[in-house]
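The exercises below ask you to work through a structure by eye and then to compare your reading with a worked solution. Please keep the sequence and the three-dimensional view open as you go.

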Amino acid sequence: MTPPAALQAMATDQWERREALEQLVAAQQRRLFLIALSIVRDASEAEDAVQESFLLAWRKWDAVRDEAKRQQWLTTICVRHCLRRRRGLLRWRLADPDTTTPAAEHVRFQGRLLDLDRAQAALSRQQRAALVLSYQYGYSADQCAELMGLAPGTVRSHLARALATLRREMSDA
């Protein structure tokens, strides 16, 4: 049987973990949602991905002892989870085409932001993730590589291909 002092210490530790995670969630939820949305391209899927990332972080909280590294660690969890989730969404939508959102090809939109959104749809999930992390959030190629679990050279290739695709798609618009 566990002595009462040990139980009290465990409860205190659990409370401190919860407090630390809640603070991290409050500080990072919006930023992680925007990153997730950029990768999965669906708001409800992005919300689910962020919540699942927080759950994964809670389960593995003790894996990172350095408090200063927790934000980067949480971002890594979210990016990698979104990349896996995006892969699953593509398989699901290809297997069941009736569940996809109907494309509004007949609607003619004017504006470069819509052109950019359409152009980004032509990117692979890795290219989109590298582009968003690098240009929108200011991560270096080495940091993107660490977040995405890839080699830095691979991330640079994804960035170069993404930019070439965007140039081509935007010039066709």
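**Exercise 1.** Is Leu163 buried, partly exposed or exposed? Place the residue in its helix, and then find its partners from elsewhere in the sequence.

*Solution.* Note before starting that the model is a predicted one. Step one is to locate the residue, and Leu163 lies in helix H7. Step two is the classification: the relative accessible area of Leu163 is 23%, and because buried requires a value under 20% and exposed a value over 50%, Leu163 counts as partly exposed. Step three is to look for partners, and once neighbours within four places in sequence are left aside, Leu163 is in contact with Leu131 and Tyr135. For Leu131 the separation can be stated as well, since the two residues are 32 apart in sequence, while their C-alpha atoms are 8.1 Å apart in space.

Helix H7 offers a second residue for the same treatment. Ala160 is also found in H7, and with 46% relative accessibility it counts as partly exposed. Its C-alpha atom is separated by 8.7 Å from that of Gln127, a residue 33 places away along the chain.

**Exercise 2.** Describe the overall architecture, and then identify the largest nonpolar core and the elements that build it.

*Solution.* Begin with the secondary structure: the protein has seven helices and zero strands, so that reading along the sequence gives the pattern α-α-α-α-α-α-α. Next consider burial, for which 36% of the 173 residues count as buried. Among contacts between residues at least 6 apart in sequence, 69% join residues at least 24 apart.

Turn then to the interior. The largest nonpolar core has 34 residues, and those with the most contacts inside it are Ile39, Val50, Val79, Cys82, Leu133, Met148 and Val155. The elements that give two or more residues to this core are H1, H2, H3, helix H5 (125-136), H6 and helix H7 (152-172), and the one that gives the most is H1, with nine residues. Apart from this core lies another, of six residues, which include Ala119, Ala162, Leu166 and Met170.

To see one core residue in detail, select Leu133 and disregard residues up to four places away in sequence; Leu133 then touches Ile35, Val79, Gly138, Tyr139, Cys144, Leu147 and Met148.

**Exercise 3.** Which residues of helix H6 are buried, and how are they arranged around the helix axis?

*Solution.* In helix H6 (residues 141-148), the buried residues are Ala141, Cys144, Ala145, Leu147 and Met148. These residues cover an arc of only 165° around the axis, which puts them on the same side of H6. Just after the helix, Gly149 takes a positive phi of about 75°.

A link from this helix to another can be followed through Thr76, which is found in helix H3 (residues 70-95). Thr76 is buried, with a relative accessible area of 14%, and beyond its neighbours within four places in sequence it is in contact with Glu146 and Leu147.

**Exercise 4.** Find the aromatic pair, describe its geometry, and say which parts of the chain the pair ties together.

*Solution.* A search for aromatic pairs yields a count of one. This pair consists of Trp61 and Trp73, which meet edge-to-face, at 6.1 Å centre to centre and with 70° between the planes. Trp61 lies in the loop between H2 and H3 whereas Trp73 is in helix H3, so the pair ties together parts that are twelve residues apart in sequence. Both Trp61 and Trp73 are buried. As a last step, examine the ring of Trp61 from its face, where Arg70 lies over it at 4.0 Å from the ring centre.

**Exercise 5.** Which phi value does Arg41 take, and where does this residue sit?

*Solution.* Recall first that most residues other than glycine have a negative phi. Arg41 is not a glycine, and yet it has a positive phi of about 65°. Arg41 has its place in the loop between helix H1 (4-40) and helix H2 (43-59), where it is partly exposed, with a relative accessible area of 28%.

Key: Residues are numbered from 1 along each chain as its sequence is written. This is a predicted model: local features need pLDDT of at least 70, side-chain atom pairs count only at pLDDT 80 or more; totals for chains, interfaces and linings use all residues. Side-chain values use heavy atoms; hydrogens and water are left out. Helices (H or I, at least four residues) and strands (E, at least two) are DSSP runs, numbered from the N terminus. Buried means under 20% relative accessible area, exposed over 50%, partly exposed in between (1.4 Å probe, protein chains only). Contact means heavy atoms within 4.5 Å. The arc is that of the directions from the helix axis to the C-beta atoms. Rings of Phe, Tyr and Trp (its six-membered ring) pair if their centres lie within 6.5 Å; planes under 30 degrees apart count as stacked, over 60 as edge-to-face and the rest as tilted. A charge sits over a ring if NZ of Lys or CZ of Arg is within 6 Å of the ring centre and within 35 degrees of the ring normal. A nonpolar core is a set of buried Ala, Val, Leu, Ile, Met, Phe, Trp, Tyr and Cys residues joined through side-chain atoms within 4.5 Å.
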